[in-house]
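Colleague: I should be grateful for a close look at the pocket in this model. Please describe what lines it, and then how the surrounding elements are arranged.

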Amino acid sequence: MNVEELYQEIILDHYKAKHHSGLRDPHEAEVHHVNPSCGDELTLRVHLDGDTVADISYDAEGCSISQASTSVMTDLVIGKKVDDAFDLHREFKVMMDSRGDYDPDEDRFEDAIAFVGVAKFPARIKCALLGWEAFRDAALQAGASDQHADK
């Protein structure tokens with residue numbers, strides 16, 4: 001199996017068995033994001049415990065890339081300090097902007113490395129970023145501060 005097939009398998013696995021799917025309480029913020037170019041819709045909740053991401057839950061409809069990326073994102077950021085989660089968000093965006101010319105740290109990105117191939121397809125980048133952007137928006141609404149926010 002080549003690397004691209006492995007990445008496709010990771011995406012399909014997360015699409016078929018979405019981690020942390022289903023809206024849960026408690027939560028401090030809930031957001032609804034839409035990707036009109038693909039028809040993806042996502043309602044996402046964030047629960048913070050101080051400066052730690054205690055839980056993320058979501059309900060999503062749409063393509064396999066948006067749903068798998070949201071599943072992967074929840075695995076990566078739940079339990080992390082908010083600043084670390086925002087750093088992962090920024091790094092994921094850099095990877096998505098790379099047009100596939102990016103060598104992600106597998107230990108840090110875990111299953112998110114599968115999306116480096118998606119970055120080669122500009123029309124699918126918004127799909128992969130939907131959950132990540134919703135997380136950032138919800139965390140900010142929940143009172144988190146992003147000290148390195150893009151201005």
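Modeller: Helix H1 contributes the most to the lining of the largest pocket, giving five residues. I should say at once that the model is a predicted one, and every value below is computed from it. Two elements, helix H1 (3–16) and helix H2 (64–77), each give two or more residues to the lining of the largest pocket. In total, 13 residues line the largest pocket. Nearest its centre are Gln8, Ile11, Gly117, Val118 and Phe121. By class, the lining of the largest pocket comprises seven nonpolar, three polar and three charged residues. The space in the largest pocket comes to about 280 Å³.

From the pocket one may follow H2 to its helical partner. Two packed helices are described by the angle between their axes and the distance between the axes. For H2 and helix H5 (residues 122–141), the packing angle is about 35° and the axes are 8 Å apart. The crossing of H2 with H5 is right-handed. On the H2 side, the contact is made by Ile65, Ser66, Ser69, Thr70, Met73, Leu76 and Val77. These meet Arg124, Cys127, Ala128, Leu130, Gly131, Trp132 and Phe135 of H5. Sorted by class, the contact of H2 with H5 holds nine nonpolar residues, four polar residues and one charged residue.

H5 also leads to the sheet, since this helix lies across S1, S2 and S3. Relative to S1, H5 runs at about 155°. Strands of a sheet pair through backbone hydrogen bonds, either parallel or antiparallel. Here three strands form an open sheet in the order S1-S2-S3, with antiparallel pairing. Strand S1 (29–35) and strand S3 (52–61) are the edge strands, each pairing on one side only. From one strand to the next, the twist averages 20°. Strand S2 (residues 40–49) pairs with S3 in the antiparallel sense over nine bridges. Leu44 stands opposite Tyr58, a residue of S3.

Finally, the loop between H1 and S1 merits attention for its backbone, as it contains both His20 and Pro26. Most residues other than glycine have a negative phi, and most peptide bonds are trans. His20, although not a glycine, has a positive phi of about 65°. The peptide bond from Asp25 to Pro26 is cis, and its omega is near -5°. The path described thus runs from the pocket, to which H1 and H2 each give two or more lining residues, through the packing of H2 with H5, to the three strands that H5 lies across.

Note on methods: Residues are numbered from 1 along each chain as its sequence is written. This is a predicted model: local features need pLDDT of at least 70, side-chain atom pairs count only at pLDDT 80 or more; totals for chains, interfaces and linings use all residues. Side-chain values use heavy atoms; hydrogens and water are left out. On a 1 Å grid over the protein atoms alone, a cavity is a set of points where a 1.4 Å probe fits but cannot get out, and a pocket is an open set with protein on both sides within 12 Å along at least five of seven lines; lining residues have an atom within 4 Å of a point. Grid points are joined across faces, edges and corners, and a volume is the space filled by probe spheres set on the points. Helices (H or I, at least four residues) and strands (E, at least two) are DSSP runs, numbered from the N terminus. Ala, Val, Leu, Ile, Met, Phe, Trp, Tyr, Cys and Pro count as nonpolar, Asp, Glu, Lys and Arg as charged, and the others, Gly among them, as polar. Axes are lines fitted to C-alpha atoms, for helices over the stretch in contact, and angles run from 0 to 180 degrees between N-to-C directions. A crossing is left-handed if the near helix is turned anticlockwise from the far one by less than a right angle, and right-handed if clockwise. Contact means heavy atoms within 4.5 Å. Two strands pair if DSSP finds at least two bridges between them.
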